[in-house]
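The following exercises ask the reader to work through a structure step by step. Each task is followed by a worked solution.

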Amino acid sequence: MNVLQIVYYTVLRNIRNWKLFLLLIGAPLVFYLICANVTTNVNQGINFEKIKIAYFDADGGLIAEQFDRFLRTKEILTAFDIQKVDSLDDGNQMVKGGKIEALIYFRKDFSKSLNQGKKTNIEIFSNKSVSATRLMVEDFINTVNASSAIKKIAGDINAKEISSGIKQIAVSSTRKTLKDADKYPFLGLMEMLAYGALLGCFSVINSIKKNTLIRFNISPINGFAYVSGQFLGNFSTLCPSSGLFIAYTYYVWGLLMQGNILNIILTFLLFTVIITALGMIVGYLTKKTGISVLIIVCLNGLFTAATLVWATGTARGFLKWILFLSPHYYTYLIVTDTIFDGFTSRIQSSLISMVMAATVLTTLTIFLGRRKAV
Amino acid sequence: MLVEVRNLVKRYKDVLAVDNVSLTIEEGEIFGLLGPNGAGKTTAINAMIGLTRVDSGEIIIFGKNFKDCELEIKRNLGVVPQDIAFFEDLTSYENLCYFGKLYGLNGSLLKERVQEALEFTGLLDKKKQNPKKFSNGMKRRLNIACALVHHPKLIIMDEPTVGIDPQSRNHILQSIKQLNKKGSTIIYISHYMEEIEELCTRIVIMDHGRVIVKGTKEELKAQMTSDERVVVELSTANYTLVDNIKKLSGVKDAYVNGNELTVISQKNSNNLNGIIDHVSESSEIISLNVEQPSLETVFLTLTGRSLRD
């Protein structure tokens, strides 16, 4: 028997398990609704007062002038107490001394870089990693986008944090932007896709619990063929979900993708490999349905939460460290950076991380499948 | 010789599950394996089918060493596990196709064999049904069909009739006899002594990981019993009759209980005619039963009556 036949029967069995499919769609939806509700309630409790900020314009170009006018609008002045400073050092001293919450800085060659079509940054210096200044600057970029060629790099806010809490907002010369509102459904759907790990997990546990594994162990096929067939079967079952996600991405941002679809397909394939392997590994290690579901739900929730707080610029502490293990984070980075002109080096390093994770986890799955299944 | 097991040893930490077991199974026989729970039967069988790695010993099946030719041997092995082992989300037909393909069957041969296995187990009309809705007896039959689809030379059946109705059990037992007639060698593990007695040509009883006795059922009974017991139901019974019976040659004891006379004689004393003559002189015989020692008696004598874990 070849591996493809095992793949065929694994897919057939997965498709007929309609209750699991319902779970894979229903559970993340509920989880997403809960998260959205919690976020809304937290935001309602904020006691708002004017935020003291300063800005220094070393560029003196058209954009800086527009920004100056933007800062003097009624809407901004009701929320911010703004002052101009004469030098970057003065502004930084005020930030460090706590006199202002943030300093907005336009570099000397800001306009020049933009005119040459290069990416450049509006920088924010702040002691707080969570600041409304960032949102205000983003708002400015989005406003300006309507009439000029300045665009914010979408994926995140490219929050490059230096020791004192200095932030940068990358600005792209193309017309691309990722709105905060788009991040939530994107991450919600990614979480939903990641629940596919349950499929691999249940397939492993059911074959042990329902004794069907014995049939394979006593038959004249080797363990590698069986485990890889089962793995590919589960992976193939999840591929249509990934395909739908790619279709969703293309539907929403298709016009901005400019032929980068292959990069996104590759990313989602790697993501699907990782979640399939992760599910099967949890199944092999626990061999129990309840504990496996708990582990997968917690891991998925944690990875999604870490990516979500990073995407909204509020990642800190434990969640920040979790990011490095999160396939959701790398997928999000690659997709958003690819669509919204992010850093190429970051796309490359994220892809390498995902390939490494997929390789390690697949190898581990096959190793455990051959050794721990009985 | 189809199977030869030499000095098999399997240890689980401090527990010696199989202790130096040696067995031989001839081609064409139905070989019974008996033993109380935890006797080591399943461990020994698992070692023979490659589910358990042994600590020492040698397993030779079809003249080949299991260690060296595992896949080749497995091609001709059919195993009916104690627990139901098929996919409940596939139909009976699909299950058999799947397991048939594991043994290299394909195309028209596969279809033919699947059809044959379904017919053999009486499930042909249920081939498109999902086994989730099957009765326990039907599930057991499908479990057997899965092991037969590739026409194995050696079939190992681990308690295939547990928890089923007498009709299904009878069907399974008849099927086993048919398989044997067709040339399959069968290793049959069961706790049901009457099944072992009915089916098996040779029997091994295991306990505490060791083979404690082996032979044909007649040999086992002969080894274990020295008495013969005759129970006669009479119209009337009296103590004079008992005294007369006791005087017969070979009679060790005789007693009445109501209208029932029990006579215990030495093995092979051949005094049944004398007993009937004496009894019929003074009373009318309603029924007469010569009680043979059962396999269960042998089993309990050898393994004891204390409960096992």
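**Exercises on a two-chain model**

Of the 374 residues of chain A, 42% count as buried. The model is a predicted one.

**Exercise 1.** Describe the make-up of chain A and the helix α16(A).

*Solution.* Begin with the secondary structure: chain A contains 16 helices and six strands. Next, consider its contacts. Among those between residues at least 6 apart in sequence, 75% join residues at least 24 apart. Then turn to helix α16 of chain A, which covers residues 344–371 and has 28 residues. From its first C-alpha to its last it reaches 41 Å, close to the 40 Å expected at 1.5 Å a residue. Finally, list the buried residues of α16(A): A:Ile347, A:Ser350, A:Met354, A:Ala357, A:Thr365 and A:Gly369. A general point helps in reading such a list: an α-helix has 3.6 residues a turn, so residues three or four places apart point the same way.

**Exercise 2.** State how chain B is divided into domains, and give the separation of their centres.

*Solution.* The domain assignment gives domain 1 of chain B as 3–222 and domain 2 as 226–292. Taken over C-alpha atoms, the centres of these two domains of chain B are separated by 44 Å.

**Exercise 3.** Characterise the side of chain B that touches chain A.

*Solution.* First, count the participants: 23 residues of chain B are in contact with 18 residues of chain A. Second, locate them. In chain B, α2 (70–74), β6 (77–80) and α3 (92–102) each supply at least two residues of this side. The largest share, four residues, comes from α3(B). Third, sort this side of chain B by class, which gives 16 nonpolar, two polar and five charged residues.

**Exercise 4.** Determine whether B:Tyr12 is buried or exposed, and place it in the chain.

*Solution.* B:Tyr12 lies in strand β1 of chain B, residues 3–12. A residue is exposed if 12 or fewer other C-beta atoms lie within 10 Å of its own. Because B:Tyr12 has 11 C-beta neighbours inside 10 Å, it counts as exposed. As a further distance, the C-alpha atoms of B:Tyr12 and B:Leu102, 90 residues apart along the chain, are separated by 31 Å.

**Exercise 5.** Work out the strand order of the open sheet in chain B and identify its edges.

*Solution.* Four strands of chain B form the open sheet in the order β2-β1-β4-β5, with antiparallel pairing. The edges are β2 (15–25) and β5 (64–65) of chain B; each has a single partner strand, so one side of each is left without a neighbour in the sheet. At the β5(B) end, two bridges join it to strand β4 of chain B, residues 56–61. In this pairing B:Ile61 stands opposite B:Lys64 in β5(B).

A separate pairing involves β6(B), which four bridges join in parallel to strand β7 of chain B, residues 154–158. Here B:Leu77 stands opposite B:Leu154 in β7(B). Both faces of β6(B) are covered, with B:Leu77 and B:Val79 buried on one side and B:Gly78 and B:Val80 buried on the other.

**Exercise 6.** Identify the nonpolar cores and the residues with the most contacts inside the largest.

*Solution.* The largest nonpolar core has 131 residues, and B:Ala145 and B:Tyr188 have the most contacts inside it. Helix α12 of chain A, residues 261–286, gives the largest share of this core, 13 residues. A second, separate core of 23 residues includes A:Tyr55, A:Tyr105, A:Leu114 and A:Ile124.

How values were computed:
Residues numbered from 1 in each chain as written. Chains lettered and ligands numbered in written order. Predicted model: local features only at pLDDT ≥ 70, side-chain atom pairs only at ≥ 80, totals over all residues. Domains from an automatic or database assignment. Buried ≥ 20, exposed ≤ 12 C-beta atoms within 10 Å, placed from the backbone. Contact = placed C-beta atoms within 7 Å. Nonpolar A, V, L, I, M, F, W, Y, C, P; charged D, E, K, R; others polar. Expected span 1.5 Å × (residues − 1). Core = buried A, V, L, I, M, F, W, Y, C linked by C-beta atoms within 7 Å. Pairing = 2+ DSSP bridges.
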